[in-house]
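Subject: Handover of a structure with its ligand and pockets

Dear colleague,

Please find below the structure that I am handing over to you. My notes on its pockets, its ligand and its backbone follow directly after it.

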Amino acid sequence: MESFTDDVAIVTGAGSGIGRQTAIAFADRGARLVIADLDVEGGEETVEEIESDGGEALFIETDVTDAEEAEKMVEAAVSEFGRLDYAFNNAGISGESAPLADYDPDQWEAVISVNLTGVFNCLRAELAQMQEQEDGGVVVNNSSVLGKVGFETGGAYSSAKHGVLGMTKTAALENGETDVRVNAVCPGFISTPMIDDSDDLAEGSEARTEIEQRHAMNRLGTPAEVANAVCWLCSENASFVTGEALGVEGGYLSR
Ligand code: NAP
C-alpha cells in the first residue's frame, strides 16, 4: 500500500460514492483530508468515518461550480494543514438521459458546469498552490470511460468527460517540467448512489444487466477499485506518469 503519512489531500464530491471511498483510502495511507462537497450531511459522515479510524479530516462545504468556493477550498487546506499534496477532482452529476436532439439546454448547462467547469475551477486553484510550494503535488481528475467513447442519451455527460481529458493533458504539458503531475482516471460503471439510485440502472433491472455486460468482467466496479488507482497515480510509483487517462473499467473498452 502507498504511504502518504502527514501529506494533505483534497477530495471533491467526497460525501458519497467514489469520492468518499477515495478520501478514506487516502486517510488509510496516512494523509490528512479536506472533504469538499455540496452535500453537508454526506461530507460530515465521511469526516466521522475517517476520524473514527484515527484519521484527520476537515469538511468544507463547496460548490465546485463557483470559482471562489474552489479557491476557498484550497485556502482551507493550506490554512488548516499547511500545504496541498494531492487533489482528486471528483464531484460530478449524471444529468438527464436523453438523445442530444431532445437534450434540455438547461440540463446541458448544469452538467457542463459541474463536470467540466467545476473541474477547471478546482484544478486552477490547486495548480496555483502546487506551483508555489516546494515539492509540487499531484492532481487526479475524475473523467470516465465516457470521456473516451460516446454513450447514447448521455451526450452532456460524455462531452464534459471528454473535456476533462483535454484539460488534464493540457495541464500536464503546462506543468511537465515542474514537480506537478496531472492525470485522470476513467472509471467504467461503478456501483455508487449515482448509478444504484438512478431510475434507469436500478439493481436487478434489465438495463443494469445490459450495462454489466458491456464490461469484459461482466460486472460493475467498486469505489475502492477506483480509489486504489487514484492513490497509485498520486504515489511516487507513478513518478513518470502525467497526462494519462487511466482506465479503471473492467474491459469496457476492450470490445
Ligand atoms: P455520487 O455518489 O453521486 O457522488 C457525487 C458527489 O458529488 C455527491 O456527494 C454530490 O452531492 C457531489 N456533488 C454534486 N455536485 C456538486 C457540486 N456542484 N459541488 C460539489 N459537490 C457536488 O457519484 P459517484 O458515482 O461517486 O461519482 C463521482 C464521480 O465519478 C463523478 O464525477 C462521476 O461522473 C464519476 N464517474 C462515476 C461513475 C459511476 O459509474 N458511478 C463512472 C465513471 C465516472 P449531491 O449528492 O448533493 O449531488
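The lining of the second largest pocket comprises seven nonpolar, nine polar and seven charged residues. Please keep in mind throughout that this is a predicted model. The second largest pocket encloses about 350 Å³ of space, and 23 residues line it. Those nearest its centre are Asp-135, Val-138, Asp-179, Arg-181 and Glu-236. Two strands, β5 (137-142) and β6 (180-187), each contribute at least two residues to this lining.

Asp-135 deserves a further remark, as its backbone also stands out. The residue is located in the loop between α4 and β5, and its phi is positive, at about 75 degrees, although it is not a glycine. Asp-6 is another non-glycine residue with a positive phi, in this case near 70 degrees; it belongs to the segment before β1 (8-12). As background, most residues other than glycine have a negative phi.

I turn next to the largest pocket. Its volume is about 1,100 Å³. A total of 48 residues line the largest pocket, and Gly-92, Ile-93, Ser-94, Tyr-157 and Met-194 are the closest to its centre. By class, this lining divides into 19 nonpolar, 20 polar and nine charged residues. Five helices, namely α1, α4 (105-132), α5, α6 and α7 (206-214), each supply at least two residues of the lining. The largest share comes from α7, with four residues.

Where does the ligand sit? It occupies the largest pocket. The shell around the ligand consists of 29 residues, and the closest of these are Ser-16, Asp-37, Asn-90, Tyr-157 and Thr-192. Tyr-157 thus appears both among the residues closest to the ligand and among those closest to the centre of the largest pocket.

In terms of class, the shell holds 13 nonpolar, twelve polar and four charged residues. Three helices each provide at least two shell residues: α1 (17-28), α5 (155-174) and α6 (193-196). The largest share of the shell, three residues, is supplied by α6, whereas for the lining of the largest pocket the largest share belongs to α7.

Which residues have polar atoms at 2.6 Å, 2.8 Å and 2.9 Å from an oxygen atom of the ligand? An N or O atom in the side chain of Ser-16 is 2.6 Å from a ligand oxygen. For Asn-142, the partner is again an N or O atom of the side chain, and the distance to an oxygen atom of the ligand is 2.8 Å. Ile-18 takes part through its backbone, where a polar atom is 2.9 Å from an oxygen atom of the ligand. Taken alone, the ligand would expose 890 Å², and the protein buries 88% of that area.

When you open the model, I would suggest starting from the ligand and then moving on to the second pocket and its loop.

With kind regards

How values were computed: Residues numbered from 1 in each chain as written. Predicted model: local features only at pLDDT ≥ 70, side-chain atom pairs only at ≥ 80, totals over all residues. Heavy atoms only, no water. Near = heavy atom within 4 Å. Polar contact = N/O pair within 3.5 Å; in protein donor to acceptor, adjacent residues only side chain to side chain. Areas by Shrake-Rupley, 256 points an atom, 1.4 Å probe, with all protein chains shown as cover. 1 Å grid on protein atoms, 1.4 Å probe; cavity = no way out; pocket = protein on both sides within 12 Å on 5 of 7 lines; lining within 4 Å. Sits in = over half its atoms within 2 Å of the grid points. Nonpolar A, V, L, I, M, F, W, Y, C, P; charged D, E, K, R; others polar. Points joined across faces, edges and corners; volume = space filled by probe spheres on them.
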